[in-house]
Structure formats: C-alpha cells, structure tokens
Amino acid sequence: MSKPLILILGDQLSEALDVLASAPPNAVVALCEVKAEGDYVPHHPQKIVLILSAMRHFADTLRDKGYQVHYSALDDDDNRQDLLEEAERLADAYGCDEIRVTHPGEWRLLERIQRRGTRWRLFEDSRFYCSIADFGEWLEGRKRFRMEDFYRQMRQRTGLLMEDGEPAGGQWNFDHDNRRPLDSDLVFPTPPRHRQDEITRDVTTLVEAHFGDHFGTLEGFNWAVTRRQALTDLRHFIAQALPDFGTYQDAISDSEPLLFHSRLSASMNIGLLSPREVCEAAQTAWQQGRAPINAVEGFVRQILGWREYVRGIYWQRMPDYKRENRLDARRGLPDFYWTAETDLRCVRRALEMTRDNAHAHHIQRLMVTGNFALLCGVAPAALCDWYLAVYVDAFEWVELPNTLGMTLYADGGYLGSKPYCASGKYIDRMSDHCRHCRYDVKQVTGEHACPFNSLYWHFLDRHREQLRGNHRMKLIYGSWDRMQEDKRTAILDQAGKFIDSLTFEAAYGKGDHANGYRRR
Ligand SMILES: Cc1cc2nc3c(=O)[nH]c(=O)nc-3n(C[C@H](O)[C@H](O)[C@H](O)COP(=O)(O)OP(=O)(O)OC[C@H]3O[C@@H](n4cnc5c(N)ncnc54)[C@H](O)[C@@H]3O)c2cc1C
Ligand code: SF4
C-alpha cells in the first residue's frame, strides 16, 4: 500500500481539503516552517506570526483528529529551510513514496512542484467556488470578460442571493447605494480582541528574532489564529458591521482603520474560514432581516465576484501576467512607503495603519497608496513586491491582479476598463483627511497645492496615446484640452518638480519582475 506524505501549506489550514480526505490511515501529514517562505519578500512581522501560529494550532487540531502529524519548526536543526526540499527530506525519513499537496496559491511554487517529477501529486483547491478549469471554460472564446458577467453567472450557479431565478431585491448590483462618503457622526464597531496563548507568544519571539528587521510593528497583533477565533470575527462582523458595510464601503477615515469592513480576508485566504460559510452567513442575515440587501449584495460581490474572478485571471494569465507593464512605469517605490514619513496626510495615514495593523482597507490600497504610485509612475514589480510584503492577507493569486491590473493598469485594461486614477478631489470627497493636511486640496499649483491634483493631470498627459481612445476617458481629456496652454504648462511643471523632490528606490527596468526588494 502506498504511503503518502501530505504537505499542508501555510495558507491551506482547512480540514475540508480534498488532500486530507484522500489520506489513508498510514499517511503522514506535514506542516513546515521554512525561512525561504518568510523572507522572499520582507513580509510584515504580523503576517508571519499569523501564519506560523495558525499552522501550529492547525497541527494540534489535526493531531486531535487522529492524523499522524510531523511539524518542522523554523529553528529545528535539520530543517532544510526550503519548503520542497524539507518535504522531500521528510518523505524519505518516513518512507513515503508519494508527496500529496493542494494546488498552491503562487505560480512560483506550482512551477517548482511540477518540475520535481512524479513523486509529487497535486490536488485541486476545492475551497474556491470556481475551479481554475471552470474559469478557463468561462473565459474561452469570450470577447468580453468583465467581472460583472462572471459574478452574475456565479450567482446563478450557486443560487446565492437568488429568488426564483431572479436576483434578490430585483437587481444584480446595488453599487449606486454604496458610495456614501464618511459621515462625522458614525460609530464604528470594535473588533473582538483575541487572547494570545503560549503558541502565539512563542512564535512572536521567534519572528522578532528572525524577521525583526522587516517593516511593521507587532504590538497591535490581533489576528485570528484558530478557526474558533475566525468564527468569532465572522459572527461579530455579521452582527455589528455588515448592516453598514455597503453604504460606507468606499469611505476613508483619518482615525478609524476598519470602518465597517470585515477583516476576514486573512482568515479566508489561509483557510480558517471558507468563503462559502462567509457568504452564506451574510445571506442568512439578509433573509432574517438583520442586514439590508445593498450591504449583503455588496459584500457577497466582493467574495463570490472579485475574489474568485481575480484568482481565475491570475491562473489563466500567469506567468506572463507578472511581466506586464503596459504604461512602461519604471520608477522604484517612493522611500517613504517604508517609513510613513510624508506630508501627504492621506498617504501617511494609510502607511501608518499598514505598519501598525498589516492591513489597510480596499479604498486605501486602491485610491490612496495605489493611486499615488500609479500617478508617480512606480513600476508594477516594485509596487507588487511591497503589497505582497506588507498586508496580512497578501498571497500572489489575489495581490498581483489587484495591484498590477486593477491599481496600476499595467495589463492595459484586461482587468479594469479604465485606470483608477484620481485627483485630491476624490480623496477629499470620501474622507476627512484633507482637513488635517498641510496641503490644500482645492489648489492645483503653488506651494500649498495638493500634489495629487497636478500629478493626476501629469499622468493623463503622459499616457495620452494609450488612454485617449478609451471612451470612459474622453470627457476628462476634453477638460484637459480646453484648459489654457499656460495653465497646463504650470500644472505639468508643478507635478514634475514634485516628482523630482521625492526619493525613489532604485529604478526597475523594462521586463524586471517582482522579488527585488529591500529590507527595512
Ligand atoms: C492594490 C491592492 C492589493 C490587494 N491585495 C490583496 C491581497 O493581497 N489579498 C486580499 O485578500 N485582498 C487584496 N486586495 C483586495 C482588498 O483590498 C482586500 O481583500 C480587503 O481590503 C481585505 O479586508 P477585509 O477583509 O476587511 O475586506 P472587506 O472590505 O470586508 O471585503 C470582504 C472580502 O471580500 C474580498 N475582497 C474584497 N475586495 C476584493 C478584491 N478586490 N479582490 C479579491 N477579494 C476581494 C476579500 O476576501 C474580503 O475579505 C487588494 C486590493 C488592492 C487595491
Ligand atoms: S490635501 Fe491632498 S495630499 Fe493632503 S490629504 Fe487631501 S488629497 Fe491627500
């Protein structure tokens, strides 16, 4: 009888994995902490603590269920410190003839596994609603492959928020109800505080010793490291935040990091929660009258729609996708992305929250730090490395399409129909940052002018050839063209001088791609 080693990766901590269901009684289940996975980009220390602590807790859960578990700790003397080499060492030590593993979330790892030969056997990652093959079928032969079309098909296929074949509430999309800016009298729910047990404390000490030089603090660590804690977060979100999730989905606050967001991405991405149970809990809240349809539809759209869609795009388009740079952006990262030392209040607050929580919500990632990098011409590789490193939920299958495609438009509009570029006006409308800022959001030129304003026009002007054919950009190019020549010159001059005043990390050449990073 074959004896398999079942390798469980740090973002696959779910008892429902097919690979575990396949385990014969003699199987050895292995979980391996290795240095190579912890520092191929300088992951935020909170992200490393989360993954290592969750892995150690999960190993205990599997032992309690009767599995024979081998756990390779980071500081074990014989640890090979490389995931695949460590798995092969264990397979030899336990006399296993096969290594079974669930499809990883990164092309880099998949490619390495596939090169290893027939001893390795891949299993489907059934945690997703849509398999990679099904997404490929959906894509095939399509001229239009917008998220909205995919999402509607997924609603029909799963029956989520459907009534007699029609969308619940009579509409597929409630986005127009979901764009309220921040109101000053809002009260935000406080997330549950998770107890840190001995496992988490041990891991924290280990991470401080091995990865203490990475960007980010550990003091505020409050991530769910067990399924039980993740379920507490889910219940809290559904009861306290979901009802307002939709309305304030796009708002940004100078003081409040989370607003009504769920903070569930990390738990879903590492396997502590399944996207199915999360979407179903939201649907039940709506059915029981505990949350309005605009909130529940908006939330389900993020998971059943965007989350599944970006994963599909990632696996269809890799490895070439990672090398895309259609706007030919070459700059390195502004150095203050690693220090948060900037006078741009909105950017500073997003960076400080990132440093302190290993999290920033979607609009901060897209319209503040992402938008600023887009306007400055930061290279996709530089920005992707940063996003992959600093967010607790960052795994390449979801980070790359969001950063390279959605935020930087580096795929030429494959993922988004137009660049998400914006001036200070947008940030002022959606947030309360500008009143705390040293810059004046109403001014475009002059000493106190908000840099986003001139950078916005500079971006549009330098990419005119690529963007002017886009019918969604016609209006804005019309405004630019109608401006007086001397005003346009002054704006471009202002933006040029601002860019010159920044310090960027080393430039990225054409064709460079991720994982060239600097430690902090
Ligand atoms: C530049 C950039 C990089 C990003 N990188 C990541 C990443 O590495 N990992 C990650 O999980 N999300 C990423 N996102 C998407 C999104 O910002 C996060 O999922 C979200 O902020 C997580 O916080 P939350 O759980 O409170 O989300 P909520 O606002 O509560 O949303 C609910 C859930 O919907 C899903 N979701 C929402 N938006 C997206 C999206 N655009 N793509 C995929 N899933 C989505 C997430 O699972 C999230 O937990 C990125 C977005 C941008 C613009
Ligand atoms: S004025 Fe400009 S830089 Fe300052 S917070 Fe507002 S948008 Fe950001």
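**View 1. Thr102 and its partner across the strands.** Zoom in on Thr102 and you'll find Phe123 of strand 5 as its bridge partner. Keep in mind that this is a predicted model. The wider setting is a parallel pairing of strand 4 (residues 98-102) with strand 5 (residues 120-123), held over 4 bridges. To get from strand 4 to strand 5, the chain takes a detour through helix 5 (residues 107-115), and the resulting β-α-β crossover is right-handed.

**View 2. Ligand 1 and its polar contacts.** Here we're looking at three oxygen-to-protein distances. A side-chain N or O atom of Ser262 sits 2.7 Å from an oxygen atom of ligand 1. With Arg263, it's a backbone N or O atom that lies 2.7 Å from a ligand 1 oxygen. His359 joins in through a polar side-chain atom, 2.9 Å from an oxygen atom of ligand 1. As for how covered the ligand is, ligand 1 exposes 810 Å² when taken alone, and the protein buries 99% of that.

**View 3. Who lines the shell around ligand 1.** Helix 10 (265-270), helix 12 (293-317), helix 14 (362-376) and helix 16 (396-407) are the elements that each hand two or more residues to this shell. Helix 16 gives the most, with 6 residues. Sorted by class, the shell is a mix of 13 nonpolar, 11 polar and 5 charged residues.

**View 4. The nearest neighbours of ligand 1.** There are 29 residues around ligand 1, and the ones that come nearest are His261, Ser262, Arg263, Asn269 and Asn402. You've already met Ser262 through its side-chain contact and Arg263 through its backbone one.

Methods:
Residues are numbered from 1 along each chain as its sequence is written. Chains are lettered from A and ligands numbered from 1 in the order in which they are written. This is a predicted model: local features need pLDDT of at least 70, side-chain atom pairs count only at pLDDT 80 or more; totals for chains, interfaces and linings use all residues. Side-chain values use heavy atoms; hydrogens and water are left out. A residue is near a molecule or strand if one of its heavy atoms lies within 4 Å of it. A polar contact is a pair of N or O atoms within 3.5 Å; within protein, one must be able to donate a hydrogen and the other to accept it, and residues adjacent in sequence count only if both atoms are side-chain atoms. Accessible areas come from the Shrake-Rupley method with a 1.4 Å probe; for residues, only the protein chains shown count as cover. Ala, Val, Leu, Ile, Met, Phe, Trp, Tyr, Cys and Pro count as nonpolar, Asp, Glu, Lys and Arg as charged, and the others, Gly among them, as polar. Two strands pair if DSSP finds at least two bridges between them. A crossover is right-handed if, with the strands pointing away from the viewer, the path from the first strand over the helix to the second runs clockwise.
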